[in-house]
Amino acid sequence: MKTLLLLLGFWVLLGLVQCTKDEDPAVVKLGQKIELKKDQSVQVVTAKAPVQLTVTEITDSRCPSGVNCVAPGQADVSVELRDGAGAVQKATLCLGSCSNDSAAVVLDAVPYWLRLTDVNPYPSANARFGPQTATLYLTQQ
């Protein structure tokens with residue numbers, strides 16, 4: 001009986017530790033796909049020091065699927081990057097009827113390329129959708 005209680009206590013403790021791990025910011029390697037919603041952050045491991053990347057805004061005016069529009073519209077994503085020294089750089093990237101889906105940034109004196117590849121879900125005339133997710137890549141130049 002004592003063994004069963006100890007085992008049960010161990011599993012409960014293990015579950016609590018796992019729950020606290022989920023609250024830690026995500027960590028990805030340089031060049032990996034980054035998918036973030038508005039106000040979400042990720043730590044990007046670089047050769048010099050980790051970089052914190054945060055999506056601060058997502059706005060989407062793209063023409064919904066199933067609708068005939070005069071203009072294609074665009075999806076804008078505002079990003080904030082913080083290097084190991086605490087210096088902040090901001091970039092706004094877009095997809096659609098625009099031409100700036102990428103930006104050059106310098107973090108800890110190292111040049112990087114930030115690229116927006118997708119914003120999901122795509123607007124639809126027939127469906128309401130929840131928070132959108134931006135797909136980004138940070139690579140060293």
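Is Asp-108 buried or exposed? With a relative accessible area of 16%, Asp-108 is buried, because anything under 20% falls in that class. Keep in mind that this is a predicted model.

**Confidence first**

Averaged over the chain, the pLDDT comes to 85, and 82% of the residues reach at least 70. One stretch that falls short is residues 4-9, where the pLDDT is below 50 and the model shows zero contacts beyond near neighbours in sequence. Residues 16-24 are another such stretch: pLDDT stays under 50 there, and the model has zero contacts beyond four places in sequence. Where pLDDT is low, the predicted coordinates should not be read in detail.

**The sheet**

Now for the strands. Four of them make an open sheet, running in the order E2-E9-E8-E7 with antiparallel pairing. E2 and E7 are the edge strands, each pairing on one side only. Going from one strand to the next, the twist averages 35°.

At the E7 end of that order, E7 and E8 are held in register by six bridges, in the antiparallel sense. If you want a spot to check by eye, take Val-105: its bridge partner in E8 is Tyr-112.

**Backbone oddities in the loops**

Back to Asp-108, which sits in the loop between strand E7 (102-107) and E8. Its phi is near 55°, a positive value in a residue other than glycine. So here we have a buried aspartate, at 16% relative accessible area, with a positive phi.

Asp-39 also has a positive phi, about 70°, although it is not a glycine. Asp-39 belongs to the loop between strand E2 (34-37) and strand E3 (41-45). Is Asp-39 buried or exposed? Its relative accessibility is 57%, so Asp-39 counts as exposed, the cut-off for that being over 50%.

Where does the cis peptide bond sit? It joins Asn-120 and Pro-121, with omega at about -5°. Pro-121 lies in the loop between strand E8 (110-120) and strand E9 (133-140), and both of those strands belong to the open sheet.

**Disulfides**

How many disulfides does the structure hold? There are two, and they follow the pattern 1-2, 3-4 when bonded cysteines are counted along the chain. One link is between Cys-63 and Cys-69, with the sulfur atoms 1.9 Å apart. That link is right-handed, with 80° about the S-S bond. The other disulfide joins Cys-94 to Cys-98, S to S 1.9 Å.

Here is how the four cysteines score on accessibility:

| Cysteine | Relative accessible area | Class |
|---|---|---|
| Cys-63 | 14% | buried |
| Cys-69 | 37% | partly exposed |
| Cys-94 | 3% | buried |
| Cys-98 | 26% | partly exposed |

Reading across the bonds, the disulfide of Cys-63 and Cys-69 has a buried end at Cys-63 and a partly exposed end at Cys-69. In the disulfide of Cys-94 and Cys-98, Cys-94 is the buried partner, while Cys-98 is partly exposed.

Terms used. Residues numbered from 1 in each chain as written. Predicted model: local features only at pLDDT ≥ 70, side-chain atom pairs only at ≥ 80, totals over all residues. Heavy atoms only, no water. pLDDT = per-residue confidence, 0-100. Contact = heavy atoms within 4.5 Å. Helix = DSSP H or I, 4+ residues; strand = E, 2+ residues; numbered from the N terminus. Buried < 20%, exposed > 50% of the residue type's maximum accessible area, 1.4 Å probe, protein only. Pairing = 2+ DSSP bridges. Axes fitted to C-alpha atoms, helices over the stretch in contact; angles between N-to-C directions. Disulfide = S-S within 2.5 Å.
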